[in-house]
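Dear colleague,

I am passing a structure on to you, and my notes on it follow below. Please look through it at your own pace before you read them.

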Amino acid sequence: EFATNTSPAVAGGTGYVVANDDLYALDVTDGTEQWVVGTGGSESGFITSPAVADGTVYIGGPNAGGSDDSVLAFDAADGSEQWRTEIPSVRQAPAVADGTVYVGSPDNSVYALDATDGSTVWTVETGDQIQASPSIAEESVYVGSLDGNVYALNAADGTELWTFGTGTEMYASPTVTADNI
């Protein structure tokens with residue numbers, strides 16, 4: 001039985017989906033399995049939707065990859081694990097741009113990780129939990145927090161550019177267009 005609670009990601013003719021605590025690569029033309037790798041699962045069975053960039057698939061979640069909460073990177077061609085970085089309970093898909101992986105966490109922080117080795121580039125603490133994927137546009141990262149704010153951060157160093165109070169907890173990713181957030 002194939003059970004999933006995540007959205008697939010598609011890149012280069014391959015669909016990537018997490019199901020039954022495994023990460024699958026499927027040919028988008030006929031659905032044949034190209035490879036499958038165990039993620040290590042989680043007690044809750046919750047692993048994030050995958051994100052794909054530059055030949056790498058990124059996932060995260062409570063206890064993903066074993067006993068530690070982690071973000072994991074896999075080679076998109078063969079599923080081999082590239083790296084794992086411990087980050088508390090990532091619940092939404094990572095966002096990837098310009099060689100950096102951005103994730104929010106219920107520990108109230110936004111993390112920027114080097115996409116090649118998973119090392120932490122910067123961390124910014126907000127006033128409450130991050131329950132949605134960051135959005136990226138140009139050289140900025142936008143993230144909503146349960147503290148009722150949207151944060152705009154410099155993508156390179158995490159410097160806060162501005163904060164906007166929404167008056168309510170933010171459970172969704174900000175939508176970024178050419179002119180507006």
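Which residues make a nonpolar surface patch of about 310 Å²? Before I come to that, please keep in mind that this is a predicted model. The patch is made by Leu161, Trp162 and Phe164. Of these residues I looked further at Leu161, which has its place in strand β16, a strand that covers residues 160–165. Leu161 has a relative accessible area of 43%, and it is therefore classed as partly exposed, the class that lies between under 20% for buried and over 50% for exposed.

The surface also carries a patch of negative charge, in which Asp54, Asp98, Glu138 and Glu139 gather. Glu138, one of the residues in this patch, sits in the loop that runs between β13 (135–137) and β14 (140–144). Its relative accessibility is 76%, so Glu138 counts as exposed.

Turning to buried positions, I would point you to two residues, one in a strand and one in a loop.

Thr85 belongs to strand β8, which spans residues 81–86, and because its relative accessible area is 12%, under the 20% limit, Thr85 is buried. If residues up to four places away in sequence are not counted, Thr85 touches Asp69, Ser70, Val71, Leu113, Gly118 and Ser119. Among these contacts is Val71, and although Thr85 and Val71 are 14 residues apart along the chain, their C-alpha atoms are separated by 5.3 Å.

Ser105, for its part, is found in the loop between β10 (100–104) and β11 (109–114). With a relative accessibility of 0%, Ser105 counts as buried. When its neighbours within four places in sequence are left aside, Ser105 is in contact with Ile87, Pro88, Tyr111, Gln129 and Ile130; Tyr111, one of these partners, carries a number that falls within the range given for β11 (109–114).

With kind regards

Technical notes:
Residues are numbered from 1 along each chain as its sequence is written. This is a predicted model: local features need pLDDT of at least 70, side-chain atom pairs count only at pLDDT 80 or more; totals for chains, interfaces and linings use all residues. Side-chain values use heavy atoms; hydrogens and water are left out. Helices (H or I, at least four residues) and strands (E, at least two) are DSSP runs, numbered from the N terminus. Buried means under 20% relative accessible area, exposed over 50%, partly exposed in between (1.4 Å probe, protein chains only). Contact means heavy atoms within 4.5 Å. Patches are made of residues with over 30% relative accessible area and no salt bridge: like charges are joined within 9 Å, nonpolar side chains (Val, Leu, Ile, Met, Phe, Trp, Tyr) within 5 Å. Accessible areas come from the Shrake-Rupley method with a 1.4 Å probe; for residues, only the protein chains shown count as cover. A salt bridge is a side-chain nitrogen of Lys or Arg within 4 Å of a carboxyl oxygen of Asp or Glu. Lys and Arg count as positive and Asp and Glu as negative; His and the chain ends are not counted. The place of a charge is taken as NZ of Lys, CZ of Arg, CG of Asp or CD of Glu.
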